[in-house]
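Me: I'm new to this one, so please pick a single part and take me through it slowly. After that, show me what surrounds it.

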Amino acid sequence: MRLVMIGAGYVGLVSGACFADFGHIVTCVDKDESKIKRLEAGVMPIYEPGLDELVASNVRAGRLFFSADGADAIRQADAVFIAVGTPSRRGDGHADMSYVYAAAEEIAGYLEGFTVIVTKSTVPVGTGDEVEAIIRRTRPDAEFAVVSNPEFLREGAAIEDFKRPDRIVVGVEDDRARATMQEIYRPLNLNESPILYVGRRTSELIKYAANAFLAMKITYINEIADLCEVVGADVQQVARGIGLDKRIGSKFLHAGPGYGGSCFPKDTLALIRTAAEAGSPIKLIEATVAVNTQRKKDMAVRVSDAAEGNLAGKKVAVLGLTFKPNTDDMRDAPSLDIVPALQHMGADIHVYDPEGRHEAEKLLPGVTFCDGPYEAAEGAHALTILTEWDQFRALDLRRLREVMAAPLIVDLRNIYRPAEMAAAGFRYHSIGRGVS
Ligand SMILES: NC(=O)c1ccc[n+]([C@@H]2O[C@H](COP(=O)([O-])OP(=O)(O)OC[C@H]3O[C@@H](n4cnc5c(N)ncnc54)[C@H](O)[C@@H]3O)[C@@H](O)[C@H]2O)c1
């Protein structure tokens with residue numbers, strides 16, 4: 001199959017490289033020419049484990065191409081995937097659809113022969129109808145069908161997720177388009193990945209319903225963690241105790257500083273908006289958003305409280321800035337709330353993040369960026385762990401103790417055992433487990 005990905009970001013580039021690896025001929029198109037230039041030079045515009053090798057091997061095999069202009073590739077394509085951003089519209093939380101609609105119009109101009117237009121971006125219910133209308137208006141003569149195929153990959157494990165998905169959801173109402181989608185995903189039949197064929201609107205809603213549920217699950221365990229602190233229980237044991245129940249499941253039960261990232265914050269807001277406009281509000285998700293927003297604000301207060309309420313003029317080391325490990329993605333990361341709040345309290349912030357620095361430097365003014373955890377910790381009165389990168393899981397505690405001005409650690413990801421920290425001479429605060 002000849003495929004085109006419109007948008008070579010976290011989703012478009014990973015999906016495109018994986019489709020090429022399945023054996024399809026793929027062109028990734030991005031209007032950001034600097035991104036295309038970097039890709040052509042073999043430099044990845046994002047950090048995603050394994051992506052550079054996957055891209056390089058498929059470019060070498062003559063299956064993966066990059067272009068700032070999709071005209072030729074779209075003319076020859078069996079399917080064109082729209083994988084552009086759908087950020088929150090400022091002010092009302094609705095998904096900003098301008099990129100998707102612009103892409104639809106551009107694609108329409110070049111269509112030749114029957115082509116399937118696949119929306120991979122996360123889009124509100126009814127977007128497929130609108131994309132169809134745009135293309136029909138622009139090119140009344142075109143032969144095409146619009147399909148919804150939301151993406152469920154996780155940054156940091158994106159390639160594995162794409163190649164071994166829990167499920168593939170395809171919202172399709174046209175037989176020829178369905179046959180094309182079957183052919184595109186045929187290589188995954190070998191893994192027995194379930195493919196769910198549903199109506200287009202159902203498919204669009206599945207994506208939001210899934211993300212909002214996961215955001216709610218995280219928020220639930222965060223509130224249980226707060227209760228644990230008050231009543232003297234241990235949230236990790238509670239999480240294990242409930243997670244072993246197969247109806248609940250153990251994933252997404254890690255208490256922390258609140259969810260962030262490029263998807264959950266905007267997708268929960270967009271679902272709330274869709275539901276409100278449809279006259280069928282989803283109060284659970286409204287509460288989830290409110291609780292999570294407050295939680296991120298509360299995290300800086302935790303650090304300050306641990307330091308006896310006085311951070312003025314104190315040096316605070318921060319380990320991890322990205323919204324989760326193994327990505328450089330800083331979109332809506334909790335650190336973007338926590339670090340400025342700490343600065344507002346007068347703290348002098350020294351940070352280290354293995355991959356996030358490039359993006360974070362643009363977003364966090366007045367912060368000192370360091371080249372390693374011990375450099376960040378040098379002379380610090382407190383150290384806080386915001387992202388659970390593997391390299392923070394086995395810090396040399398003795399060395400840390402020696403370089404810090406005061407032995408205080410606030411671990412917002414619960415990656416250490418309280419007893420271990422106490423033995424190393426630290427005052428250790430974590431989430432939902434009391435203080436040691
Ligand atoms: N990032 C994730 O983990 C993830 C997971 C599942 C779904 N999604 C969804 O996938 C979509 C894309 O997300 P992302 O994280 O890959 O975004 P991104 O910002 O990393 O990438 C989008 C890319 O599209 C390009 N673009 C925008 N308009 C274009 C146009 N008209 N022609 C060509 N290129 C264009 C941009 O330059 C950018 O490079 C969103 O709807 C998101 O919600 C993201």
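Reply: Let's start with a word we'll need straight away: two residues are in contact when heavy atoms of theirs come within 4.5 Å. Also, this is a predicted model, with local features needing pLDDT of at least 70, side-chain atom pairs counting only at pLDDT 80 or more, and totals for chains, interfaces and linings using all residues. Residues are numbered from 1 along each chain as its sequence is written, and side-chain values use heavy atoms, with hydrogens and water left out.

The part I'd pick is Glu204. Set aside its neighbours within four places in sequence, and Glu204 is in contact with Val123, Pro124, Val125, Gly126, Thr127, Gly128 and Ser148. Glu204 is buried, because its relative accessible area is 5%; buried means under 20%, exposed means over 50%, and partly exposed is what falls in between, with a 1.4 Å probe and protein chains only. For a sense of distance, Tyr185 is 19 residues from Glu204 along the chain, and their C-alpha atoms are separated by 19 Å.

Glu204 sits in helix α9. Helices here are DSSP runs of H or I with at least four residues, strands are runs of E with at least two, and both are numbered from the N terminus. Helix α9 covers residues 200-231, and its 32 residues should span 46 Å at 1.5 Å a residue; the end C-alpha atoms are 47 Å apart, so the two agree. (The expected span is 1.5 Å times one less than the number of residues.) If you're tracing a helix by eye, it helps to know that an α-helix has 3.6 residues a turn, so residues three or four places apart point the same way. Right after α9 comes Gly232, with a positive phi near 80°.

One of those contacts of Glu204 leads us on: Thr127. Thr127 is also in contact with Tyr101, as are Glu130 and Ile134, once neighbours within four places in sequence are left aside. Tyr101 belongs to helix α5 (residues 98-110), and it is partly exposed, since its relative accessible area is 26%. Tyr101 and Ser193 are 92 residues apart in sequence, with 31 Å between their C-alpha atoms.

For another helix, try α1. Its 13 residues, 10-22, should span 18 Å at 1.5 Å a residue, and the end C-alpha atoms are indeed 18 Å apart. Eleven of those 13 residues are buried, so α1 is mostly covered; among them are Tyr10, Leu13, Cys18 and Phe22. Just after α1, Gly23 has a positive phi of about 115°.

Helix α12 (residues 283-306) holds Val303. At 1% relative accessible area, Val303 is buried. Beyond its neighbours within four places in sequence, Val303 is in contact with Leu311, Leu342, Thr384 and Val410. His429 is 126 residues away from Val303 in sequence, yet their C-alpha atoms are 8.6 Å apart.

Now for some loops. Pro49 is in the loop between α2 (33-40) and α3 (51-60), and it counts as partly exposed at 30% relative accessibility. Leaving out neighbours within four places, Pro49 is in contact with Gly156, Ile159 and Asn326. Thr327 is 278 residues from Pro49 along the chain, but 8.0 Å separates their C-alpha atoms. Phe252, in the loop between α10 (235-243) and α11 (264-277), has a positive phi of about 60° without being a glycine. Asp332, in the loop between β9 (315-319) and α13 (335-344), is another non-glycine with a positive phi, near 55°. Phe252 is partly exposed at 28% relative accessibility, and Asp332 is partly exposed at 42%.

Finally, step back to the whole chain. It has 17 helices and 14 strands, and the C-alpha trace spans about 70 × 50 × 40 Å along its principal axes. With 436 residues, a compact globule would have a radius of gyration near 22 Å, and the chain agrees at 23 Å; that radius is taken over C-alpha atoms, and the globule rule is 2.2 Å times the number of residues to the power 0.38. Of the 436 residues, 53% are buried. Among contacts between residues at least 6 apart in sequence, 72% join residues at least 24 apart.
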